[in-house]
Amino acid sequence: MNNTILHASNIQKSFGGLVAISNLSFAVHETKIKAIIGPNGAGKTTIFNLITGIFPPNGGAFEFMGTRITNLKSHIISAMGVSRTFQNVQLFSNMSVLENVMLGRHTRTSCGIMSSIVSMSKKKREERETRERATYYLEIVDLCDRMNEYPENLPFGKQRLLEIARAIATEPKLLLLDEPASGLNTRETQNLGRLITEIRDMDITILLVEHDMELVMDISDEIIVLNSGRKIAEGLPGDIQENDEVIKAYLGED
Amino acid sequence: MGKKNSFTLLILSVFLIIFPFVTTNTYYLSTMIFVGIHGIIAIGLCLLMGYAGQISIGHAAFFGLGAYTSAVLTSRFGFHPWSAFFLGVLLSSVVALAIGIPSLKLKGHYLAMATLGFGEITYIVFNELTDLTGGPPGMGDIPRISLVGFMVNTDVKYYFFVWAFLIFILVVSLNLINSRIGRALRSIHDSEIAASAMGVNTSKLKLQIFVISAIFASIAGSLYTHYVTFVSPSSFSLSFSILLVMMVVIGGMHNLWGALIGAGLLTIMPEFLRALKDFEILVYGAILLIIMIYMPKGLIGGLGYLFNRFKK
């Protein structure tokens, strides 16, 4: 298929003797929402860490928009257009809400050490633009009224939204969301679902790891099911719901 | 740089200009010169510790590299003090790169260990290279430095000379942290994984800041040499490196002003603790303990907290 944005082929990853990912291949298609589901310990977050270069795979390769990104450093992969959120929210606690999102603009701005030191007009202009753009992304997640607060003072649901705002501020082509609904109440989860489809409509492809099945079935275009590091099913939400293997993995053998 | 910083800077400058006219005691003046010299190192170390989240236990060695480069080149080889000054900065940057490149690629506190080793090695080199450095007794006869034709040869002149350097370095550093680069630095401190996932080249940035902090220490070293006109290895030992770290921690790691206050406190305090002789280390320990327990954000953070409570 020619509109594949991310292609994983034969990915292997083990930690010591533990096989986390075993011979996994999949493709993510442009401007679609793809979900990865599976029981705890299936290797879902590991895939995100492999894609974003936090650690390298033992075998196999990732191709992002036709370029091999395996073994590239995290910050380079980010600059190429892959952004993410974290399962255990990783916000910058010593920075205000606005500054957190401004940091997301790091690769889209260019002031280096020298121009930062001498504080020229370029710096002033760039800082102003960064602030305006960051405010725009805060508007999308509806956090503008709290931009001068610190992340720890936000309720958990808002912290998740802030992390999403920071991630899309990098102007990614591909956004990885790691359990964005965990810890959210029903209403917040519904809003999140709307937000994710809105982001998809901004031409950002989404790869989603999530346990909330209602949300997954509601917004996903395609679903991959993992169990113990292996892909046991892949397909449309409707097909996955009726797949015997999947039911077995989730409910155990009878 | 922000209004708050500009205002504080203005108050500091006014104080600095008035100070030598109010005090006639050269002893106070010379203490203030040392506060300035230590302050320059502490500002660099604060960038490294409070903003890049890395610890160096070898900054006395960079201070020493600057001091000895100036001392040896000017007194033994007849170099112009300013050429020696810049060669010291160059040497310190090269050494900082050599230490930083391998150790900052790794996550964790490898830089602390590497700088600890480097500090000890440098200390031994200063002691053993007797032909160049004069060995443990040290070396004297170091010429004074001049500025555009004027010799900086009195305490008052040197006082202004050192503090002009400090103000320059402080402004440079404040500009640096209030910028895109400063934001990236703070993000590394908070979550290195998230920072790199957002596109920050964390090892490169940490390395750059480490080199900058080494350059500041080297500048302070050259300023020290031309003031004291005598250097000996004991001024650049491990215990001085630790004292420098304490300055930053006591003042408040996340605040350059805090580093300056820490430098002032730990430079002036020993003058009062002379009577205690070797027991003064106990007083330091107690102060550090109290600050760590009751003011984890340092004096600046702790006082700011108290101030806000009184306002309410």
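How many of the 312 residues of chain B count as buried? The share comes to 49%. Like everything else described here, that figure is computed from a predicted model.

Start with the make-up of chain B. Its secondary structure consists of 14 helices and two strands. The C-alpha trace spans about 55 × 50 × 45 Å along the principal axes. For 312 residues, a compact globule would have a radius of gyration near 20 Å, and the 19 Å found for chain B agrees with that. Contacts that reach along the sequence are plentiful: taking pairs in chain B at least 6 apart, 76% of the contacts join residues at least 24 apart.

Chain A is built from another mix, with ten helices and ten strands. Its radius of gyration is 19 Å, close to the 18 Å that the globule rule gives for 254 residues, so chain A is as compact as a globular protein of that length. Along the principal axes, the C-alpha atoms fill a box of roughly 65 × 40 × 35 Å. Of its 254 residues, 42% count as buried. As for contacts with a separation of 6 or more, residues 24 or more positions apart account for 68% of them in chain A.

Now for a strand inside chain A. Strand S3(A) covers residues 33–37, and five of its five residues are buried. Which residues sit on the two faces of S3(A)? On one side are Ile33(A), Ala35(A) and Ile37(A), while Lys34(A) and Ile36(A) are on the other, and both faces are covered. The lysine is no exception here, since Lys34(A) is among the buried residues.

S3(A) also has pairing partners. One of them is strand S8(A), residues 205–209, which runs parallel to S3(A) and is joined to it by four bridges. Strand S9(A), residues 222–227, pairs with S3(A) as well, again in the parallel sense and over four bridges. Ala35(A) makes a handy reference point for both pairings: it stands opposite Leu208(A) in S8(A) and opposite Ile223(A) in S9(A).

Just ahead of this strand is a backbone oddity. Thr31(A), in the loop between strand S2 (18–29) and S3 of chain A, has a positive phi of about 50° although it is not a glycine. Is Thr31(A) buried or partly exposed? With 15 C-beta neighbours inside 10 Å, Thr31(A) counts as partly exposed, because the cut-off for a buried residue is 20 or more.

Chain B has a threonine with a positive phi too. The phi of Thr229(B) is near 55°, and this residue is likewise something other than glycine. Thr229(B) lies in the loop between helix H10 (202–228) and helix H11 (238–251) of chain B. Its 16 C-beta neighbours inside 10 Å make Thr229(B) partly exposed.

Back in chain A, helix H6(A) runs over residues 156–168 and includes Lys158(A). This lysine has 18 C-beta neighbours inside 10 Å and so counts as partly exposed. Lys158(A) and Ala20(A) are 138 residues apart along the chain, and 31 Å separates their C-alpha atoms.

Helix packing in chain B can be followed through one pair. The axes of helix H12(B), residues 256–272, and helix H14(B), residues 298–311, come within 7 Å and cross at roughly 110°. The two helices are therefore roughly perpendicular to each other. On the H12(B) side of the contact are Trp257(B), Gly258(B) and Ile261(B), which meet Gly298(B), Leu299(B) and Ile300(B) in H14(B). By type, the residues of this contact divide into four nonpolar, two polar and no charged.

That leaves the meeting of the chains. Here 24 residues of chain B are in contact with 30 residues of chain A. Which helices of chain B each supply at least two residues of the side that touches chain A? They are helix H7 (155–177), helix H8 (180–190) and helix H9 (192–197). H8(B) gives the most to this side, with eight residues. The side of chain B that touches chain A has a mixed make-up: its residues divide into ten nonpolar, ten polar and four charged.

Definitions and conventions:
Residues are numbered from 1 along each chain as its sequence is written. Chains are lettered from A and ligands numbered from 1 in the order in which they are written. This is a predicted model: local features need pLDDT of at least 70, side-chain atom pairs count only at pLDDT 80 or more; totals for chains, interfaces and linings use all residues. The radius of gyration is taken over C-alpha atoms; the globule rule is 2.2 Å times the number of residues to the power 0.38. A residue is buried if 20 or more other C-beta atoms lie within 10 Å of its own, exposed if 12 or fewer, and partly exposed in between; C-beta atoms are placed from the backbone. Two residues are in contact if their C-beta atoms, placed from the backbone, lie within 7 Å. Axes are lines fitted to C-alpha atoms, for helices over the stretch in contact, and angles run from 0 to 180 degrees between N-to-C directions. Angles under 35 degrees count as roughly parallel, over 145 as roughly antiparallel, 65 to 115 as roughly perpendicular and the rest as oblique. Ala, Val, Leu, Ile, Met, Phe, Trp, Tyr, Cys and Pro count as nonpolar, Asp, Glu, Lys and Arg as charged, and the others, Gly among them, as polar. Two strands pair if DSSP finds at least two bridges between them.
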